[in-house]
Amino acid sequence: MNENFYNLEYLPKMHRIGKVIGVLAVFASFMPALCLGLVYGLWPDWAALGTAALTAISSFGVLWFVEPLSYYPVVGPMGTYMAFVSGNISNMRIPCASMAQVSAGVEPGTEKGSIVATIGMGVSIVINTLVLSVGVVAGQAILGALPAAVNNALSNYLLPALFGALIVQFGLKAKVHTLVMLAVGCFMYIAVGKSPLGINLFGWLSGASNYLPTLVCVFVSIGIMMVTSKKKAKA
């Protein structure tokens, strides 16, 4: 009965709401630029706008396909709608969704996991909005009062520490997979010239350092999971 409700009532309703909000969010994103153009006559130079668009597509276009594929198994369909409207996906939404699933004892990729991830992300959006509201008013004063060493630590180490915690959390469930992907990630980090070694195997590919490591890691990880899942099914 719960399964029928999820597939026949819950999912269709959430898809309708998610699509409407997504379209509205796209229009809202362009509203400031449209207001500047329509009200004040400040229209951009179309050649410069086209150049900027091509630059953005060449640098980040691949991520528009990779990120939904990589995040979907954790957050589910509703979480995907919420994540790409609210932003802060990798550093806030995914960790909150993951911790909510761990706390509730549900598996990512399941119906229960999808619902719990949606709840976790919803709470994170509310808290994030409240914290940002305080930060806009008093954030600069608070950061200015902190020692320089603390500010440097927050800027440079907060996100790596967050992902390190996630790696440990999920890595314990798939140790071999995690070790292989760490090796692949380190190789790609070195191969695109981001290490002190000065090696850049993909220097001929423009903007490779921006998207290629993520692209390779996502699809290698998917491939490993497909192979291991088939082996477990046969066993």
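The legends below describe an overall view and several close-up views of a predicted model.

**Figure 1. Overall view of the protein chain, with eight helices and zero strands.** This is a predicted model in which local features need pLDDT of at least 70 and side-chain atom pairs count only at pLDDT 80 or more, while totals for chains, interfaces and linings use all residues. Residues are numbered from 1 along each chain as its sequence is written, and side-chain values use heavy atoms, with hydrogens and water left out. Helices (H or I, at least four residues) and strands (E, at least two) are DSSP runs, numbered from the N terminus. In that direction the elements follow the order α-α-α-α-α-α-α-α. The C-alpha trace spans about 65 × 55 × 45 Å along its principal axes. Of the 235 residues in the chain, 23% are buried; buried means under 20% relative accessible area, exposed over 50%, and partly exposed in between (1.4 Å probe, protein chains only). Contact means heavy atoms within 4.5 Å. Among contacts between residues at least 6 apart in sequence, 61% join residues at least 24 apart.

**Figure 2. Close-up of the largest nonpolar core, which has nine residues.** A nonpolar core is a set of buried Ala, Val, Leu, Ile, Met, Phe, Trp, Tyr and Cys residues joined through side-chain atoms within 4.5 Å. The members shown are Tyr71, Val74, Val75, Ala83, Ile89, Ile94, Ala97, Ala117 and Met121. Helices α3 (63-86), α4 (89-104) and α5 (111-145) each supply at least two residues of this core, and α3 gives the most, with four. Leaving aside residues up to four places away in sequence, Tyr71 touches Phe84, Ile89, Ser90 and Ile94. A second, separate core has eight residues, including Met181, Val184, Leu212 and Cys217.

**Figure 3. Close-up of Ser114 in helix α5.** Ser114 has a relative accessible area of 4% and is therefore buried. Beyond residues up to four places away in sequence, the contacts of Ser114 are Tyr6, Val75, Gly76, Pro77 and Met78. One of these, Val75, also belongs to the largest nonpolar core.

**Figure 4. Close-up of the largest pocket, with a volume of about 2,200 Å³.** On a 1 Å grid over the protein atoms alone, a pocket is an open set of points where a 1.4 Å probe fits, with protein on both sides within 12 Å along at least five of seven lines; lining residues have an atom within 4 Å of a point. Grid points are joined across faces, edges and corners, and a volume is the space filled by probe spheres set on the points. The lining comprises 47 residues, and those nearest the pocket centre are Ser70, Ile167, Met181, Cys217 and Ser221. Helices α3, α4, α6 (148-171), α7 (175-191) and α8 (208-234) each supply at least two lining residues, with the most, 13 residues, coming from α8. By class, the lining has 27 nonpolar, 15 polar and five charged residues; Ala, Val, Leu, Ile, Met, Phe, Trp, Tyr, Cys and Pro count as nonpolar, Asp, Glu, Lys and Arg as charged, and the others, Gly among them, as polar.

**Figure 5. Close-up of the second largest pocket, which holds about 340 Å³ of space.** Of its 14 lining residues, Met92, Asn128, Val131, Leu132 and Leu158 are the closest to the centre. Helices α4, α5 and α6 each give two or more residues to this lining; α5 gives the most, with eight. The lining divides into ten nonpolar, four polar and no charged residues.

**Figure 6. Close-up of the contact of α6 with α7.** The helix axes come within 9 Å and cross at roughly 145°. Axes are lines fitted to C-alpha atoms, for helices over the stretch in contact, and angles run from 0 to 180 degrees between N-to-C directions. Ile167, Phe170 and Gly171 in α6 meet Lys175, Thr178 and Leu182 in α7. These residues divide into three nonpolar, two polar and one charged. Phe170 is partly exposed, with a relative accessible area of 26%. Not counting residues up to four places away in sequence, Phe170 touches Ser98, Pro108 and Thr178.

**Figure 7. Close-up of His177 in helix α7.** His177 counts as buried because its relative accessibility is 14%. With residues up to four places away in sequence set aside, His177 touches Ser221, Ile224 and Met225. Among these, Ser221 is also one of the lining residues nearest the centre of the largest pocket.
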